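Here is a walk through one protein model, from the overall fold down to single residues. Have the structure open as you read.

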Amino acid sequence: MVIESTVKVRYAETDKMGVVYHANYLVWFEIGRTDFLEALGLPYHLFEEKGLMSPVVHAECDYATPLRYGETAVVRTRLVEATGAKSVFGYEVYRAGQDAETEHPCCSGRTVHCFVREGEFKPLSMKKAAPELYEAYCKVLEP
């Protein structure tokens, strides 16, 4: 399962060189991850209401071709791994109009998340704390 999110590059997201500032890609990854959860029918706020959070414990990003102000980015988000202890999302960012099947992404990356109870920040088993999410993740994982 791959979810596509579009983001119009805003002027405030660019640097003095006129290209998207590198840290903004991480914000776009979050947009993709949020859209992914919504597509599963399990928006993030449902877990926050139960006192659960899923912080990023690792992030990586590889940059290839810059995006610029006024262009539209397409963020392709997929779940790469889900265990009881962690989930891993993969991302590819393309310029709108790029063919994701034949062209290299402008940027690619991944984030690793754990599950914690609000205020405690001790890792929890996703299988026990959010079994509906774990089950949904298992259904969409790539073979």
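What follows goes from the fold to the core, then to the pocket and a handful of individual positions.

**Overall fold**

Keep in mind that this is a predicted model. The protein has 4 helices and 8 strands, and reading along the sequence gives the pattern β-α-α-β-β-β-β-β-β-β-α-α. The C-alpha trace spans about 45 × 35 × 20 Å along its principal axes. How does the radius of gyration fit a compact globule? A compact globule with 143 residues would have a value near 15 Å, and the protein has 16 Å, so the two agree.

Buried residues account for 41% of the 143 residues. If you take the contacts with a separation of 6 or more, 68% of them join residues 24 or more positions apart.

**The nonpolar core**

In soluble globular proteins, nonpolar side chains tend to be buried together. Here, the largest nonpolar core has 31 residues. Tyr25, Trp28, Leu67, Val93, Leu133 and Tyr137 have the most contacts inside this core. Strand S1 (2-8), helix H1, strand S4 (72-82), strand S5 and helix H4 each supply at least two of its residues.

Tyr137 is a good place to look in more detail. Setting aside neighbours within four places in sequence, Tyr137 is in contact with Phe36, Leu37, Leu40, Leu79, Ala82, Ser87, Phe89 and Met126.

**The largest pocket**

Which residues lie nearest the centre of the largest pocket? They are Arg33, Leu37, Tyr44, Ser54 and His113, out of a lining of 13 residues. The space in this pocket comes to about 220 Å³. Helix H1 (24-39), helix H2 (44-49), strand S5 (87-95) and helix H4 (131-140) each give at least two residues to the lining, with H1 providing the largest share, 4 residues. Sorted by class, the lining has 7 nonpolar, 4 polar and 2 charged residues. Leu37 turns up twice in this story: it is one of the residues nearest the pocket centre, and it is also among the contacts of Tyr137.

**A few single positions**

The table puts five positions side by side.

| Residue | Relative accessible area | Class |
|---|---|---|
| Serine 5 | 2% | buried |
| Threonine 77 | 0% | buried |
| Glutamate 81 | 29% | partly exposed |
| Tyrosine 94 | 3% | buried |
| Proline 123 | 65% | exposed |

Let's start with Ser5, which sits in strand S1. Its relative accessible area is 2%, under the 20% cut-off, so Ser5 counts as buried. Beyond residues up to four places away in sequence, Ser5 touches Ile31, Gly32, Asp35, Ala73, Val74 and Val75. Ser5 and Thr77 are 72 residues apart in sequence, yet their C-alpha atoms are 8.0 Å apart in space.

Thr77 itself belongs to strand S4. With a relative accessible area of 0%, Thr77 is buried. Its partners, not counting residues up to four places away in sequence, are Met1, Val2, Ile3, Gly32, Arg33, Phe36, Phe89, Gly90 and Tyr91. Gly32 is on the contact list of Thr77 and on that of Ser5, while Arg33, touched by Thr77, is one of the residues nearest the pocket centre.

Glu81 is also found in strand S4, but at 29% Glu81 is partly exposed. Leaving out neighbours within four places in sequence, Glu81 is in contact with Lys86, Ser87, Val88 and Leu141. Between the C-alpha atoms of Glu81 and Lys122 the separation is 20 Å, with the two positions 41 residues apart along the chain count.

Tyr94 lies in strand S5. Is this tyrosine buried or exposed? Tyr94 is buried, at 3%. Apart from residues up to four places away in sequence, Tyr94 touches Thr72, Ala73, Val74, Arg76, Ala100, Glu103, His104, Pro105 and Cys106.

Last comes the stretch around strand S8 (residues 123-124), where Pro123 has its place. Pro123 counts as exposed at 65%, and its contacts beyond four places in sequence are Phe115 and Val116. The C-alpha atoms of Pro123 and Ser54 are separated by 9.4 Å. In the loop between strand S7 (115-117) and S8 you'll find Phe121. Most residues other than glycine have a negative phi. Phe121 has a positive phi of about 55° although it is not a glycine.

Notes. Residues are numbered from 1 along each chain as its sequence is written. This is a predicted model: local features need pLDDT of at least 70, side-chain atom pairs count only at pLDDT 80 or more; totals for chains, interfaces and linings use all residues. Side-chain values use heavy atoms; hydrogens and water are left out. On a 1 Å grid over the protein atoms alone, a cavity is a set of points where a 1.4 Å probe fits but cannot get out, and a pocket is an open set with protein on both sides within 12 Å along at least five of seven lines; lining residues have an atom within 4 Å of a point. Grid points are joined across faces, edges and corners, and a volume is the space filled by probe spheres set on the points. Ala, Val, Leu, Ile, Met, Phe, Trp, Tyr, Cys and Pro count as nonpolar, Asp, Glu, Lys and Arg as charged, and the others, Gly among them, as polar. A nonpolar core is a set of buried Ala, Val, Leu, Ile, Met, Phe, Trp, Tyr and Cys residues joined through side-chain atoms within 4.5 Å. Buried means under 20% relative accessible area, exposed over 50%, partly exposed in between (1.4 Å probe, protein chains only). Contact means heavy atoms within 4.5 Å. The radius of gyration is taken over C-alpha atoms; the globule rule is 2.2 Å times the number of residues to the power 0.38.
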